[in-house]
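Good morning, and thank you for coming. Today I would like to walk through how the chains of one assembly meet one another. Please look at the structure as it appears.

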Amino acid sequence: MENKPHLQQPFSFQDYQDNFPDSTKNLDADISIFHYDEATIEEKKFNEVEECFIYKDKDKTVTWIDVDDTSQIPLIQKLSQNYGLHALLVEDIICADQRPKLDEYNNHLFIVVKMLTYDNEKQNINSEQISFVLGSNYVMSFQELDKKGDVFDKVRERIRNSKGKIRKYGADYLLYALIDTIVDNYFIILEKIGERIEDMEGRLITDPNPSKLRDLYRLKREVIFIRKSVWPLREVINKLERDYSELITDHTKIYIKDVYDHTVQVIDTVESYRDILASMLDIYLSSISNKMNSVMKVLTVISTIFMPLTFIVGVYGMNFQNMPELKWKYGYFIVLGVCGVISFLMLSFFRKKRWL
Amino acid sequence: MENKPHLQQPFSFQDYQDNFPDSTKNLDADISIFHYDEATIEEKKFNEVEECFIYKDKDKTVTWIDVDDTSQIPLIQKLSQNYGLHALLVEDIICADQRPKLDEYNNHLFIVVKMLTYDNEKQNINSEQISFVLGSNYVMSFQELDKKGDVFDKVRERIRNSKGKIRKYGADYLLYALIDTIVDNYFIILEKIGERIEDMEGRLITDPNPSKLRDLYRLKREVIFIRKSVWPLREVINKLERDYSELITDHTKIYIKDVYDHTVQVIDTVESYRDILASMLDIYLSSISNKMNSVMKVLTVISTIFMPLTFIVGVYGMNFQNMPELKWKYGYFIVLGVCGVISFLMLSFFRKKRWL
Amino acid sequence: MENKPHLQQPFSFQDYQDNFPDSTKNLDADISIFHYDEATIEEKKFNEVEECFIYKDKDKTVTWIDVDDTSQIPLIQKLSQNYGLHALLVEDIICADQRPKLDEYNNHLFIVVKMLTYDNEKQNINSEQISFVLGSNYVMSFQELDKKGDVFDKVRERIRNSKGKIRKYGADYLLYALIDTIVDNYFIILEKIGERIEDMEGRLITDPNPSKLRDLYRLKREVIFIRKSVWPLREVINKLERDYSELITDHTKIYIKDVYDHTVQVIDTVESYRDILASMLDIYLSSISNKMNSVMKVLTVISTIFMPLTFIVGVYGMNFQNMPELKWKYGYFIVLGVCGVISFLMLSFFRKKRWL
Amino acid sequence: MENKPHLQQPFSFQDYQDNFPDSTKNLDADISIFHYDEATIEEKKFNEVEECFIYKDKDKTVTWIDVDDTSQIPLIQKLSQNYGLHALLVEDIICADQRPKLDEYNNHLFIVVKMLTYDNEKQNINSEQISFVLGSNYVMSFQELDKKGDVFDKVRERIRNSKGKIRKYGADYLLYALIDTIVDNYFIILEKIGERIEDMEGRLITDPNPSKLRDLYRLKREVIFIRKSVWPLREVINKLERDYSELITDHTKIYIKDVYDHTVQVIDTVESYRDILASMLDIYLSSISNKMNSVMKVLTVISTIFMPLTFIVGVYGMNFQNMPELKWKYGYFIVLGVCGVISFLMLSFFRKKRWL
Amino acid sequence: MENKPHLQQPFSFQDYQDNFPDSTKNLDADISIFHYDEATIEEKKFNEVEECFIYKDKDKTVTWIDVDDTSQIPLIQKLSQNYGLHALLVEDIICADQRPKLDEYNNHLFIVVKMLTYDNEKQNINSEQISFVLGSNYVMSFQELDKKGDVFDKVRERIRNSKGKIRKYGADYLLYALIDTIVDNYFIILEKIGERIEDMEGRLITDPNPSKLRDLYRLKREVIFIRKSVWPLREVINKLERDYSELITDHTKIYIKDVYDHTVQVIDTVESYRDILASMLDIYLSSISNKMNSVMKVLTVISTIFMPLTFIVGVYGMNFQNMPELKWKYGYFIVLGVCGVISFLMLSFFRKKRWL
């Protein structure tokens with residue numbers, strides 16, 4: 001299940017340096033390139049990382065290098081060496097359990113975010129780490145292999161069709177567009193969770209049962225999980241907006257401010273979901289207690305009515321030789337009558353006490 | 001229900017830019033204009049947005065442009081182009097699920113707040129997003145279409161009648177008056193909720209039942225909902241008071257400080273409602289446990305008295321041939337007496353234990 | 001009940017400006033004046049606000065103007081006009097539901113605090129808003145009408161008798177003395193609540209019952225109420241100590257620092273009361289569960305002993321023709337013996353399990 | 001009980017100034033003096049405060065004036081007048097319910113801390129307020145009267161024996177040594193509480209009973225009490241380390257930093273105790289529920305087995321004339337067999353359900 | 001058990017100075033030395049601390065002095081005197097209950113961290129205090145005696161084999177490598193705990209029983225314990241990264257930033273574990289209530305069916321002379337039929353109510 005706090009020991013840098021095999025394994029990862037300016041566009045896919053290198057010094061254009069498989073360590077290493085990326089940055093790309101963060105290096109920024117997608121079939125949340133490197137004329141994005149697809153197709157479409165002016169602006173605007181897409185996707189997740197919460201809350205008081213409890217617990221874990229992804233993201237985007245003026249233009253910063261607002265909105269919603277889920281659990285507990293109460297009342301009413309009656313008929317089942325009532329002509333009917341009266345009084349009493 | 005955390009995916013800016021149809025749909029929205037200075041006043045309603053444009057350069061007067069339907073995208077776009085508003089701002093006006101916020105642009109401020117009104121019929125809270133744009137000589141306000149009416153009638157009346165000196169001051173004072181009206185309305189909401197809390201709390205201990213639980217849960221959600229609207233508002237008004245001296249005069253800032261104090265007061269009250277509601281749920285749980293306890297006591301008392309008695313009469317219902325007591329003349333009455341004594345002892349015991 | 005979160009919609013400034021009647025209603029409020037310096041003292045009471053005006057320009061002396069009825073709007077307005085107070089300040093004096101706060105105006109400070117008194121009869125807390133205006137040579141204090149008396153008599157006595165050097169110092173020291181008296185009164189309230197907590201906690205484990213629950217809930221609400229008054233007060237006094245050097249001498253600031261320490265101490269105590277009350281509710285819940293547990297044990301013990309016995313005697317109450325035991329001479333006594341043995345074994349078993 | 005939040009209204013400064021009796025009561029308090037430099041040492045005890053005054057101007061030596069009874073108001077007043085201490089400081093010394101704090105005066109510092117000691121007999125915590133005044137060449141310490149002894153004997157020993165270089169350094173180092181001793185004592189308290197927690201936690205799940213609940217509640221209150229003493233102390237020591245360079249040498253500051261670390265460690269431990277105690281209460285509640293569950297199961301098993309059996313034998317206790325089974329030869333034994341089979345099936349069912 | 005909050009009174013500095021015996025006990029502790037630069041390496045173990053002294057002034061190389069037994073007070077004291085370490089630092093090394101911290105001295109830094117290891121056998125966490133001293137050309141590490149082994153073998157291997165360029169850099173990089181190893185080990189611990197959480201959570205709803213409760217409580221304590229070690233570590237590493245530029249090169253700071261990120265990640269995970277464990281306890285309580293509910297239902301169903309039936313057969317067990325039904329030919333069978341019908345109706349009723 002994706003929404004569990006899975007923890008792998010982060011691939012240690014030392015291990016990496018010490019154990020890195022000099023492998024020459026065939027590089028079959030999908031590297032896709034978008035290389036564009038306002039007028040022209042070039043789109044390619046290839047396996048040889050060396051083909052990327054030619055774009056490095058094209059200053060007037062924007063290059064988006066999208067690597068689809070972070071397990072291709074040699075490929076990523078070659079790329080990073082060619083572009084002058086720091087060794088620690090490479091390590092962070094490879095280990096999939098980073099916290100969203102922003103690191104500043106000499107002439108590039110390194111950003112890690114979590115892309116969350118909702119798996120409608122399994123009804124759970126998939127998390128995939130996306131690492132971005134932003135240089136003056138390029139954006140690199142690194143995705144984990146084993147996850148299918150991404151949420152960037154809209155951006156690709158806009159670049160191809162030159163819609164939305166994306167091709168007028170630089171690499172920083174591209175980075176904004178990519179992160180914005182990821183954040184927008186959070187809202188879809190939250191909407192799904194919101195639906196499940198509303199779905200559940202109607203039935204929680206009327207029909208509290210263990211399967212509800214399980215659902216509630218799962219929702220809670222998912223909210224904790226999203227929270228862990230979004231809180232650090234806020235900090236990342238905030239830094240992005242405030243600093244790094246050499247890489248990010250003022251024009252783009254206005255847009256990043258907008259993503260920041262969205263992130264805060266996600267956090268607000270996550271926090272109120274937490275509140276609501278906590279209330280729901282309390283409500284659940286109270287509902288169970290209510291139910292038990294009503295069960296107990298039924299038991300008590302039944303016992304209180306029939307125990308005295310059983311005692312009475314027990315009395316006249318005794319075999320004493322001298323029991324005058326037994327010889328009365330209407331003794332039997334009197335006893336039945338007494339039983340009826342007792343039942344009636346008891347029932348009235350319980351009705352008055354609102355137990356019935 | 002309005003007071004649920006409804007979440008629509010925010011209308012993405014990209015979508016907006018990409019998909020915006022070049023529609024020439026008939027503009028039938030209500031745009032209403034107040035255009036005044038201390039001496040003169042002009043009030044109009046129209047559908048053609050172009051009629052607004054003439055007020056743009058009138059520096060000595062104040063113009064209040066009130067747009068009643070944020071779904072009229074082309075109208076809003078034309079207006080914003082004419083007044084030089086940023087595209088992101090337009091996007092925020094259109095999407096109704098913004099968080100209260102304040103954005104600064106070159107020569108105007110953009111403010112989003114939530115107008116809350118209490119629907120007395122449905123007993124719930126309606127939320128409507130109001131976006132303000134403050135320029136040096138104008139205030140624009142944008143309201144969602146599908147909501148009925150607003151809370152600004154008092155302000156309109158004061159402008160018309162030149163009461164309260166509102167016409168002596170500039171656009172910043174008008175903005176203050178509008179926001180103040182919205183914040184004042186929060187108190188009405190809180191008062192309603194306060195009444196419902198007081199209403200409920202008397203009956204919570206004496207008569208805990210599932211319908212109380214449902215009311216409690218609804219109150220809790222409403223408080224979470226208000227909280228989500230008010231906390232960011234505080235920040236917005238605080239910023240408004242501290243910065244932006246070119247658009248807001250010192251004279252108005254004193255008034256904004258006053259709105260700020262009111263907002264903090266709303267927050268204080270919301271927080272203490274949260275506290276009180278949390279206590280009430282605990283109290284509710286305790287009350288149910290108390291009730292169950294008393295039900296259990298009744299059951300136990302009844303069982304403890306009648307089980308031994310039923311056993312005794314059972315003994316003398318046995319058919320052994322040799323049971324000397326059966327032949328005693330007063331055997332029957334002795335048994336009845338013993339039963340009476342046992343009942344009496346049991347009752348005394350339970351009275352001593354305070355179970356009765 | 002005073003300790004409920006009562007919320008009136010704040011008297012809006014607009015309303016005030018618009019609706020203020022030009023009333024010439026007879027001014028029968030008690031205005032009392034203390035006008036003193038180290039050598040001389042003058043004490044007066046009157047109804048005509050104009051009599052205050054002569055003190056305005058006496059720079060060498062201190063004037064304390066104490067207005068006892070904030071519903072006398074015209075009176076307060078005249079006074080404020082004469083002394084040049086801001087209109088918003090007047091509004092805040094009139095509305096009794098301000099949050100404690102400090103506002104700075106040109107040449108005077110405006111301070112709102114909550115005076116809490118304990119009503120021994122009704123066993124609850126009364127809250128009254130006191131507004132202070134501090135000028136260079138005067139202190140004004142405004143009290144709500146409908147509340148009886150105040151806590152300032154000690155201060156009055158000291159001024160009259162020239163005790164404690166109060167007449168040596170300026171208006172700022174007088175303000176200190178008044179606020180100090182109010183804060184000292186908080187300790188009396190806390191002491192009362194502390195007593196009620198200690199009172200209750202002994203009996204909570206031994207005798208948990210719904211009336212305890214009600215008391216607990218009331219205490220909780222009172223603590224929430226005090227908290228709401230004290231937290232903002234801390235901020236107010238802190239500001240008073242740090243800033244405003246033109247109105248408050250360094251000599252007085254040392255004393256204000258002392259009031260600040262007391263306020264923090266009140267907050268500390270309130271917070272630990274909150275903690276303790278939360279623990280007490282948990283304890284209460286646990287105690288009820290404990291009690292229910294012991295009730296259940298009694299029921300179970302009784303049932304477990306008598307159900308098998310009743311079954312056994314039921315067996316020998318059957319009317320089968322062929323039941324050899326019925327003819328045994330000592331059958332009856334054997335059965336009685338068996339019943340005794342079973343009871344004994346059961347009791348031993350429950351004793352071993354510590355249910356008895 | 002010492003560990004209750006006892007609150008006396010702080011002895012108001014006004015009261016003090018107004019009501020201070022011109023008493024000439026015999027001064028029989030223990031004042032003890034240590035007066036030393038690296039080479040010489042003088043130790044005295046006396047009752048006449050005037051004897052202290054000679055040490056005031058000895059700049060090269062350190063004087064420690066230890067006053068053992070803060071109820072000796074005239075004594076303390078004379079001392080403070082001679083040494084030029086502020087009147088508010090004297091008030092704070094006299095009132096035993098100060099919060100730990102540090103006040104700065106012209107040429108001396110005033111420090112209030114809480115000395116906590118563990119009373120092994122009564123198993124509770126005693127709190128005593130110690131006030132320190134640090135001048136350039138003296139330290140004064142003021143202890144409450146009614147408490148027995150202090151924790152300073154080690155420091156006295158070191159001064160006498162010139163151990164640990166304490167006599168090489170100034171008054172600031174002496175102050176450090178005294179505070180350090182007090183903080184070290186906190187660890188003893190925490191150790192005791194830690195032992196009681198460990199003691200309790202083993203038995204909490206196996207044997208939850210009301211006396212455990214009482215212990216738990218007492219522990220909780222003690223932790224709240226310590227917390228209230230330690231949090232403000234941290235701030236005090238932090239200030240001491242950062243500021244006041246004229247009174248405290250850099251050499252001593254390194255040592256004060258060390259005390260600061262210890263204080264933070266105490267806070268950490270207190271906070272984790274709070275966490276653990278909260279968990280323990282939850283565990284307690286769960287354990288009780290567990291127990292009740294097992295009691296209920298016994299009841300249910302017994303009822304479920306014997307109710308059907310009792311019904312069956314009741315059937316054959318009926319007196320109908322036409323009941324063929326009664327005449328069967330083995331009817332009685334068949335019924336007994338049926339009862340046995342039913343019991344067996346029920347028991348198997350409950351075993352399968354893990355109720356037994 | 002290691003994961004309990006064990007608290008020893010910190011070895012007081014005074015005690016240390018006063019009581020330190022002039023012992024000349026045989027120094028048999030393992031001191032191991034790594035002394036290297038890029039080209040050469042020297043590895044030694046010895047007992048005479050004096051052998052370390054020769055490395056003190058070798059500026060071009062890095063020396064790692066690893067002391068394995070902090071109870072060897074004289075050894076540590078000699079070492080510290082030779083290297084000019086502060087006396088308080090020595091005290092902190094000796095007392096094993098420090099909080100992770102960083103102290104700055106003239107030309108060296110002192111760092112305390114907690115090494116956590118997971119004991120697979122006992123299923124608990126071992127904690128060992130490691131103290132580091134960083135000078136310009138050396139790192140000292142001090143480990144507690146009674147704990148077996150450490151986690152530094154990887155680092156030793158890398159130094160020996162000159163892997164990972166560790167020998168190219170200075171003492172600061174060595175310190176980084178050591179701390180990084182410790183932090184990496186935290187992830188192993190968290191992974192173990194994560195596994196145990198996942199393990200437990202499946203069975204919590206289906207089979208809540210007291211042993212689960214015990215496990216839950218242990219997990220909670222372990223998480224509190226880790227938390228106490230990691231929060232202060234974060235601060236330590238943060239300081240290390242920001243300040244102290246004279247001892248730590250910019251090159252190493254990038255790596256320390258990386259350790260910082262890992263620490264924050266550990267904290268994030270610990271906090272979400274806390275959240276999850278809190279939820280699990282709530283779930284546990286709810287599950288028990290659910291179970292009790294179902295037990296109660298069984299009891300109520302059984303009682304409700306058999307009590308009326310037992311009453312009916314009791315009626316016909318009475319010995320009245322005039323009971324017409326007894327003489328009916330099919331009376332017996334009619335009664336049996338009535339009993340069957342009643343049972344059937346009851347069962348249908350309970351099925352409808354979903355109690356079965």
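Let me begin with the interface of chain A and chain B, where about 6,000 Å² is buried, with carbon and sulfur atoms giving 63% of that area. On the side of chain A, the residues that lose the most area to chain B are M307(A), F311(A) and F320(A), which together account for 11% of what that side buries. I should state at once that this is a predicted model.

In terms of residues, chain A brings 67 to this contact and chain B brings 64.

I turn now to the polar side of the interface. Between chain A and chain B there are 6 salt bridges. One of them joins the side chains of K257(A) and D103(B), with a distance of 3.2 Å from N to O. In addition, 14 residue pairs are in polar contact across these two chains, both residues being at pLDDT 80 or more.

Which elements of chain A give two or more residues to the side that touches chain B? They are α4 (153-161), α5 (171-206) and α7 (250-315). Of these, α7(A) gives the most, with 36 residues. Sorted by class, that side of chain A has 27 nonpolar, 22 polar and 18 charged residues.

Next, the relation between the two copies. Chain A is superposed on chain B by a rotation of 72° with 0.0 Å of shift along the axis, and the RMSD is 0.1 Å. The two copies are therefore related as by a five-fold rotation axis. Within chain A, the residue that comes closest to the rotation axis is G317(A), whose C-alpha lies at 4.6 Å. The copies use different surfaces, since 16% of the contact residues of chain A recur in chain B.

Finally, chain A also meets chain E. That contact takes 68 residues from chain E and 66 residues from chain A. The area buried there is about 6,000 Å², and carbon and sulfur atoms give 63% of it. In chain E, M307(E), F311(E) and F320(E) lose the most area to chain A, together 11% of what that side buries.

This interface has 6 salt bridges. Among them, the side chains of E201(E) and R221(A) meet at 2.5 Å, N to O. The elements of chain E that each supply at least two residues to the side touching chain A are α4 (153-161), α5 (171-206) and α7 (250-315). The largest share, 36 residues, comes from α7(E).

Thank you for your attention.

Methods:
Residues are numbered from 1 along each chain as its sequence is written. Chains are lettered from A and ligands numbered from 1 in the order in which they are written. This is a predicted model: local features need pLDDT of at least 70, side-chain atom pairs count only at pLDDT 80 or more; totals for chains, interfaces and linings use all residues. Side-chain values use heavy atoms; hydrogens and water are left out. Contact means heavy atoms within 4.5 Å. Buried area is the accessible area (1.4 Å probe) that two parts lose on being put together, summed over both. A salt bridge is a side-chain nitrogen of Lys or Arg within 4 Å of a carboxyl oxygen of Asp or Glu. A polar contact is a pair of N or O atoms within 3.5 Å; within protein, one must be able to donate a hydrogen and the other to accept it, and residues adjacent in sequence count only if both atoms are side-chain atoms. Helices (H or I, at least four residues) and strands (E, at least two) are DSSP runs, numbered from the N terminus. Ala, Val, Leu, Ile, Met, Phe, Trp, Tyr, Cys and Pro count as nonpolar, Asp, Glu, Lys and Arg as charged, and the others, Gly among them, as polar. Copies are superposed by least squares on the C-alpha atoms of residues with pLDDT of at least 70 in both.
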